[in-house]
Amino acid sequence: MERTAARIISASPVLEGAGVHLNRVFGFSEVELFDPFLLLDDFRSENPAHYLKGFPWHPHRGIETITYMLQGDVEHGDSLGNSGTISSGDVQWMTAGSGIVHQEMPKGDDKGVMHGFQLWANLPARHKMTAPRYQEISAAQIPEISVDGARIKVIAGDCDGTRGPVSDIFTDPEYLDVSLPDNGRFQRQIPADHTLLLYAIGGSGTTASADVHNRQLVLYGPGDEISVSAGPEGMRFLLLSGPPLGERIAWRGPIVMNTEEELDIAFREYREGSFIK
């Protein structure tokens, strides 16, 4: 059965970090609709003043943050001594687990262009306090396949027998970057019990009998397959799916746990200097 469009959401401008202009696709409300995903931000700008102040040192616990860059660089560092640069086409899959303090400082490219996304995925209760770790995936490591004219970058999960390079993920999500040519079509089977999201990042098209434009997200309803048809200018979109956790969510800023008591403990430990395990 083909899935219907339960919601169509347009990204909204917000300020985050030390004054970074970005567009929030979803986050901080109706979290059960997007389970196991928590938040998706789209940051794209040609004005360095809108992003150079970045995201100075801040903590995370209980989640995974996934940064995917299309254009530009982001320098990062953390309390464990890790540092590096996420460049065009790269993915950083950070499992915050029991706790990490880090900073992310966008630098753009040599023309001042910055374009990327950050997705937050929840961690199951039994893995909230797992040891923090990174998976740094370069653009060259991400396989790209062609299926009926569609070009698909497989970041996580399995698409037509091609597996993405991100592995051992607690929520078992699928993360695809799909580009369709003019009037192209994409079809895919998705497990009926998985949450499924499509976020248009270029062009426009139609899915589930609804028109979808750049910077719009489709939250699909019940079913086990989807079809996407691109418009005359083609279409590019992120396709995200995963099994919902169905657990209680207690969320305060950069920390997501299961109870308010766990949140209180996390913030007290952060204040007292015992946050990092």
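Here is a quick tour of this predicted model, from the overall fold down to a few aromatic side chains.

**The whole chain**

Strands are what you'll see when you open this one: the chain has 24 of them, along with two helices. Its radius of gyration is 18 Å, close to the 19 Å that the globule rule gives for 277 residues, so the chain is as compact as a globular protein of that length. Along the principal axes, the C-alpha atoms fill a box of roughly 55 × 45 × 35 Å.

Buried residues account for 54% of the 277. The contacts reach a long way along the sequence, too: take those between residues at least 6 apart, and 71% of them join residues at least 24 apart. On the outside, the chain exposes about 11,700 Å², with carbon and sulfur atoms supplying 47% of that area. As for charge, there are 23 positive and 38 negative side chains, and the centres of the two sets lie 4 Å apart.

**Threonine 65 and its surroundings**

Let's zoom in on strand 6, which spans residues 63-71 and holds threonine 65. Is this threonine 65 buried or exposed? Its relative accessibility is 0%, so it counts as buried. Leaving aside neighbours within four places in sequence, threonine 65 touches His60, Gln92, Trp93, Met94, Gln118, Leu119 and Trp120. Glutamate 75 is 10 residues away in sequence, and its C-alpha sits 15 Å from that of threonine 65.

**Aromatic pairs**

Searching the whole structure turns up nine aromatic pairs. Two of them are set out here.

| Ring pair | Centre distance | Plane angle | Class |
|---|---|---|---|
| tyrosine 68 and phenylalanine 117 | 6.4 Å | 35° | tilted |
| tryptophan 120 and tryptophan 251 | 6.0 Å | 40° | tilted |

What does the pair of tyrosine 68 and phenylalanine 117 tie together? Tyrosine 68 is in strand 6 and phenylalanine 117 in strand 11 (residues 114-122), so the pair links parts that are 49 residues apart in sequence. Tyrosine 68 is buried at 1% relative accessible area, and phenylalanine 117 is buried at 0%. Ring pairs also join Tyr68 and Phe117 with Tyr175 and Tyr199 in a cluster.

The tryptophans span a longer stretch of sequence: tryptophan 120 lies in strand 11 and tryptophan 251 in strand 23 (residues 250-252), so their pair ties together parts that are 131 residues apart. Tryptophan 120 has 8% relative accessibility and counts as buried. Tryptophan 251 comes in at 17%, and since buried means under 20%, tryptophan 251 is buried as well.

Key:
Residues are numbered from 1 along each chain as its sequence is written. This is a predicted model: local features need pLDDT of at least 70, side-chain atom pairs count only at pLDDT 80 or more; totals for chains, interfaces and linings use all residues. Side-chain values use heavy atoms; hydrogens and water are left out. Helices (H or I, at least four residues) and strands (E, at least two) are DSSP runs, numbered from the N terminus. The radius of gyration is taken over C-alpha atoms; the globule rule is 2.2 Å times the number of residues to the power 0.38. Buried means under 20% relative accessible area, exposed over 50%, partly exposed in between (1.4 Å probe, protein chains only). Contact means heavy atoms within 4.5 Å. Accessible areas come from the Shrake-Rupley method with a 1.4 Å probe; for residues, only the protein chains shown count as cover. Lys and Arg count as positive and Asp and Glu as negative; His and the chain ends are not counted. The place of a charge is taken as NZ of Lys, CZ of Arg, CG of Asp or CD of Glu. Rings of Phe, Tyr and Trp (its six-membered ring) pair if their centres lie within 6.5 Å; planes under 30 degrees apart count as stacked, over 60 as edge-to-face and the rest as tilted.
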